Amino acid sequence: MPHQQINYQNKPLAYIGYLLGHEGVGSLLSVLKERGLANALSAGTGLFGYNYAEFSISIAITKRGLEQRDIIVG
């Protein structure tokens with residue numbers, strides 16, 4: 001995605017990372033755990049280069065999650 005320095009004060013990627021990485025009731029992780037598809041999830045910004053930024057989502061999936069990875073990705 002485009003570099004995010006212009007958004008430094010507002011930090012929209014941090015906000016999105018917080019929403020996706022939240023672990024409370026109704027969160028993405030709680031739904032995946034209820035279905036036995038994942039054990040952990042993290043989301044947020046990563047590398048920033050001269051003209052790009054990285055946002056990543058990492059999910060520790062279970063064996064069942066591996067078998068149903070298309071559902072997780074969807």
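These legends accompany close-up views of a predicted model.

**View 1. Nonpolar surface patch involving helix H1.** Tyr 15, Ile 16, Tyr 18 and Leu 19 form a nonpolar patch on the surface, with an area of about 460 Å². Of these residues, Tyr 15 belongs to helix H1, which covers residues 12–21, and Leu 19 is also in helix H1.

**View 2. Accessibility of Tyr 15 and Leu 19.** Tyr 15 has a relative accessible area of 56% and is therefore exposed, the cut-off for this class being over 50%. Leu 19 has a relative accessibility of 46%, so Leu 19 is classed as partly exposed. Both residues contribute to the nonpolar patch, together with Ile 16 and Tyr 18.

**View 3. Leu 19 and Ala 43.** Leu 19, a residue of helix H1, is shown with Ala 43. The two residues are 24 positions apart along the chain, and their C-alpha atoms are separated by 8.7 Å.

**View 4. Thr 62 in the loop between strand S2 and helix H3.** Strand S2 spans residues 53–61 and helix H3 spans residues 63–67, with Thr 62 in the loop between them. Thr 62 is buried because its relative accessibility is 17%, and the limit for buried residues is under 20%.

**View 5. Surroundings of Thr 62.** The side chain of Thr 62 lies 2.6 Å from the backbone oxygen of Gly 36. Leaving aside residues up to four places away in sequence, Thr 62 is in contact with Gly 36, Leu 37, Ala 38 and Asn 39. Gly 36 thus appears both as a contact of Thr 62 and as the residue whose backbone oxygen is reached by the Thr 62 side chain.

Conventions:
Residues numbered from 1 in each chain as written. Predicted model: local features only at pLDDT ≥ 70, side-chain atom pairs only at ≥ 80, totals over all residues. Heavy atoms only, no water. Patch = residues over 30% accessible without salt bridge, like charges linked within 9 Å, V, L, I, M, F, W, Y side chains within 5 Å. Areas by Shrake-Rupley, 256 points an atom, 1.4 Å probe, with all protein chains shown as cover. Salt bridge = Lys/Arg side-chain N within 4 Å of Asp/Glu carboxyl O. Helix = DSSP H or I, 4+ residues; strand = E, 2+ residues; numbered from the N terminus. Buried < 20%, exposed > 50% of the residue type's maximum accessible area, 1.4 Å probe, protein only. Polar contact = N/O pair within 3.5 Å; in protein donor to acceptor, adjacent residues only side chain to side chain. Contact = heavy atoms within 4.5 Å.
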